[in-house]
Structure formats: structure tokens, C-alpha cells
Amino acid sequence: MFCKRLIAGCLAALCCLSAVSCGKPARTASKAVSSSSSAASGASSASGGSDTGTSSQTAPSGTGSTVSTAQQAPSQAASSSAPRVTVTVTIPEGFSVPQIAERLQASGVCSEADFLSAVNHYPFTEASLGAIPYDSSKMCFRLEGYLFPDTYQFYQNMKAQDAIGKMLANADSRIVGKYSFQTVILASIIEKEIPDPTGMKNVSSVFHNRLNDTRQFPFLGSDATVKYLTTYIHSVDAAMGSDLVDTYKYYYNTDNRVHGLPAGPICNPGLQALDAAANPANTNYLYFASDAGGNYTFSATPIPGASS
């Protein structure tokens, strides 16, 4: 009996030892699986980081992560906080649209081509256009006469329509509601015909008298309207490869093609020319001429050697 118990005890001890030795590999394997799982999780996390990086390329469309957006924030902030360069640009009385376009380009405000395009095609509001007739198909430059001459503060590299908007707003307060479209046209001619404001009302009286005597003067006879074609519109043709002069000579040449006033202004007149156009001197003058020294002669009869 004792032997049987001894044998049974030995067998039990052997089983325990076997269980202990078998348990160690099992726990080691469990740890290995756990480590492998942890590594896989790390790999997954790294992969997730890579996906996030890929997603950051599409962050502007709203698909980027918060981290991606935060990473982009410094460059966006830097861009938005970069100071914009302002320039002071003076537009003199009598400048035409092509001259303004050239000056703004030279000042780095906008390109000449963008400015000319916006003048004719940008959909400014009715309020901005003011007194400009909506049927401007016969006008070479739709906004000519309403880009008010003044000194402006512009940003460099700004949109052409924004620069134009500032000039239109100025014209809205100084021209619209005070002077008719026909008055602006005549003022632009006066501005180009005589640089001296003291003689503007006499020049105005000549043109008013001619307009009131169409039998004797079927044509207004302003050399400035011809020069507008041959100098300023021609300069756009030369730069853009267009043929505007041939198209618009029928609407602007008051020497021998257009009866009465041209289709639109030929420059952007100042306040003195506008006042002269609206309030001419009371004279019987029908002719005027200037000499090389800038002295003007006015007469009711033709002036020898004068073209006007």
C-alpha cells in the first residue's frame, strides 16, 4: 500500500513538472503574439501618418485632417500677413483710357491689357456706370470720360476692375447727376483742344455756336477728335494687333465723317473743362487758332492759316 501511494505521489509530481514546463512556452508565445500585434499597430499608425500626409495635399478642398490644416496654417498666415505695396498714381486731366492703362502698368498696379479689357467688358453695376449710355457699341472705350482724373492710392498687382472702381466712384460724386453725357463729350474735346483753363469757355462757345449752326457747320471740326483716333486708339492697335481706328473713325472723326458730337468722350476731362462745356462764354466766335507759343485767337470769321 505504501508503495502504491509513493508511486502515485511520484506520478503527481511528474505531472506538475510537465504542466509547468508546458506553460512557459505558452506564455512566451502569448508575449510574442502580443509584441507582433503591437508592432502591427505601430505599422498601422505609421501607415495612418502616411495617409494623413497624402490627404494633406487635398486639404484645401476640405478633406485634410486637423493636423494637416495646422501644418499649412503658418504659410497661409504668412501669406495673408504679407504687407501689400501701395503706390500713388496721378491721372492728369485729359488722359485717355489708353494713357491711363499705360500709366497703371508702369506703376505696377495692373497690366495694360487687363485694364483695357475691364473698361469694356467687366460687368460694373448700374450705379457704378452712372450716366454712361448702355448702348455704348459705337464707343471705342466704354468708360472713357468717367475715369475721373485725380491722385489715387492703389495696391500693386491689384485687379484692374478694382482700380477702375475707385475712379468710377470719384466720377459718380463729381459728374453723375451734374453733367449730361453730351456735356462730358464736349468737355473732353475742350480739354484736349486747349490746356489753359482761362480760355476753355471761349473754346466752348465756338463749339456751341457751331452745333447751333449745322447748315454752315455740318461737322464740328475738332482736330482733337482726329488725334484721338490717330494717336491714342492707334497706340492700342499697335500694342494689341487690333484695327480699332478703321472701325471707329466713322464715330469719332468730326472733321469730315461725324455730324455733331462724336459717339463718346475722347478723354477724361477735369472739373474746369466740364464747367466750361456746361457754361460757355457768350460770344459769336466760330473759329479759334493757336500759335507756337500757346497763344489763342478767337474770331467770328475764318482765321487765315488756321485749321479750326
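Visitor: In which sense do strand 1 and strand 2 pair, and over how many bridges?
Guide: In this predicted model, the residues of strand 1 run from 86 to 90, and one of them, Val-89, stands opposite Tyr-152 in strand 2. Strand 1 and strand 2 pair in the antiparallel sense, and the number of bridges is five.

Visitor: Which residues of strand 1 make up its covered face?
Guide: In a regular strand the side chains alternate between the two faces of the sheet. In strand 1 the uncovered face holds Thr-86, Thr-88 and Thr-90, while the covered face holds Val-87 and Val-89.

Visitor: How many residues apart in sequence are the parts that the pair of Arg-174 and Asp-150 ties together?
Guide: The side chains of Arg-174 and Asp-150 meet in a salt bridge, with 3.9 Å from N to O. Arg-174 belongs to helix 6, whereas Asp-150 sits in the loop between helix 5 and strand 2, so the pair ties together parts whose separation in sequence is 24 residues.

Visitor: Is Arg-174 buried, exposed or partly exposed?
Guide: Buried means under 20% relative accessible area and exposed means over 50%. Arg-174 has a relative accessible area of 29%, and its partner Asp-150 has 28% and is partly exposed. Because its value falls between the two cut-offs, Arg-174 counts as partly exposed.

Visitor: Which helices does the salt bridge of Asp-275 and Lys-201 link?
Guide: The side chains of Asp-275 and Lys-201 meet in a salt bridge at 3.3 Å from N to O. Both residues are partly exposed, Asp-275 at 29% relative accessibility and Lys-201 at 34%. The pair links distant parts of the chain, 74 residues apart, and these parts are helix 11 and helix 8.

Visitor: What separates Lys-249 and Asp-246 along helix 10?
Guide: Lys-249 forms a salt bridge with Asp-246, and the closest N and O atoms are 2.9 Å apart. An α-helix has 3.6 residues a turn, so residues three or four places apart point the same way. Lys-249 and Asp-246 are three residues apart in helix 10, so what separates them is about one helical turn.

Visitor: How far does helix 8 reach from its first C-alpha to its last?
Guide: Helix 8 has twelve residues, for which a span of 16 Å is expected at 1.5 Å a residue. Close to that expected value, the reach of helix 8 is 17 Å.

Visitor: What covers the buried residues of helix 8?
Guide: The buried residues of helix 8 are Met-200, Val-203, Ser-204, Ser-205, Val-206, Phe-207 and Arg-210. What covers them includes helix 7, helix 11, strand 3 and strand 4.

Visitor: Against which helices do the buried residues of helix 11 pack?
Guide: In helix 11 the buried residues are Ala-273, Leu-274, Ala-276 and Ala-277. They cover an arc of only 160° around the axis, which puts them on the same side of helix 11. These buried residues pack against helix 7 and helix 8.

Visitor: What separation do the C-alpha atoms of Leu-274 and Thr-183 have?
Guide: Leu-274 has its place in helix 11 and counts as buried, at 0% relative accessibility. Leaving aside its neighbours within four places in sequence, Leu-274 is in contact with several residues, among them Phe-148, Tyr-179 and Thr-183. Leu-274 and Thr-183 are 91 residues apart along the chain, and their C-alpha atoms are separated by 7.0 Å.

Conventions:
Residues numbered from 1 in each chain as written. Predicted model: local features only at pLDDT ≥ 70, side-chain atom pairs only at ≥ 80, totals over all residues. Heavy atoms only, no water. Salt bridge = Lys/Arg side-chain N within 4 Å of Asp/Glu carboxyl O. Helix = DSSP H or I, 4+ residues; strand = E, 2+ residues; numbered from the N terminus. Buried < 20%, exposed > 50% of the residue type's maximum accessible area, 1.4 Å probe, protein only. Pairing = 2+ DSSP bridges. Expected span 1.5 Å × (residues − 1). Contact = heavy atoms within 4.5 Å. Arc of directions from axis to C-beta.
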